[in-house]
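Good morning, and thank you for joining. I would like to take you through one helix and then the nonpolar cores of this model.

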Amino acid sequence: MKLRCLALFVMCLASSFALAADPKLSRIEQAPEGLGAEVTKILDPKGYQLTGDKGAIVELWLAKEITVKDGFKPSLAQLYPFQAGQLLGALRVPKGANFTDFRNQQIKAGVYTLRFGLQPADGNHVGTSETSDFLLALPGTTDTSIDPIKPEALSKASAKASGATHPAIFSLVDSKTASAEPKLEKQGSENFVLSVTVNGKNKDGAVPVKLRLIVIGHAEG
């Protein structure tokens, strides 16, 4: 009898996991509160919300217009035409949300800026990601300028978002398969990739940039 009850319990538990819904993508119409005035001014107020079974998981906004490097050509060392430390957007973690970064570090409820960074080529990060491009989250209450931040200071400031020694990071992946319209794609069994197009600009004018960001999920191992 005990074995039968245990078997039924395991079956029910397995079913509950199987029925857990994938997060859904929707648009939101208002920029988050709690950011510096300069940062809020450059953000597109229309953002992206990822929602799960228990409500909103995370919300993300990108800048209305983003400066990109002139004559940039993607390589294994850098896929995206941004400057290290450049402000690209903002992120909000709602109260009660269970949200982690690409290193599976818990990110507390609050608002954060998002800046571009590159994985250090120091031998300590080999195999952790298929690309070197990341977005780093910084506490929005202290990161109030729109000016770029030097890489050394960027890493240290982002560590305050994770509450650890390592910065809070989100992996940017190859954008070749990015869709024209905003889309949330499942990658593997647990990672979810936000596919969007941002309004880039350089000396020649408008340069639309397709972007794919692992918003939910983390590196294996």
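**Helix H3 and the nonpolar cores**

In helix H3, the buried residues, meaning those under 20% relative accessible area with a 1.4 Å probe and protein chains only, are Leu 154, Ser 158, Ala 159, Ala 161 and Ser 162. They lie on the same side of H3, because they cover an arc of only 145° around the axis, taken from the directions from the helix axis to the C-beta atoms.

This is a predicted model, in which local features need pLDDT of at least 70, side-chain atom pairs count only at pLDDT 80 or more, and totals for chains, interfaces and linings use all residues. Residues are numbered from 1 along each chain as its sequence is written, and side-chain values use heavy atoms, with hydrogens and water left out.

Helices here are DSSP runs of H or I with at least four residues, and strands are runs of E with at least two, numbered from the N terminus. The face of H3 turned away from the buried side carries Glu 152, Lys 156 and Lys 160, which are exposed, that is, over 50%. On the buried side, H3 packs against strands S6 (110-118), S7 (133-139) and S8 (168-173), with contact meaning heavy atoms within 4.5 Å. Just after H3, Gly 163 has a positive phi of about 70°.

I turn now to the cores. A nonpolar core is a set of buried Ala, Val, Leu, Ile, Met, Phe, Trp, Tyr and Cys residues joined through side-chain atoms within 4.5 Å. The largest has 36 residues, of which Phe 82, Leu 91, Phe 99, Leu 211 and Leu 213 touch the most other members. Its largest share, five residues, comes from strand S11.
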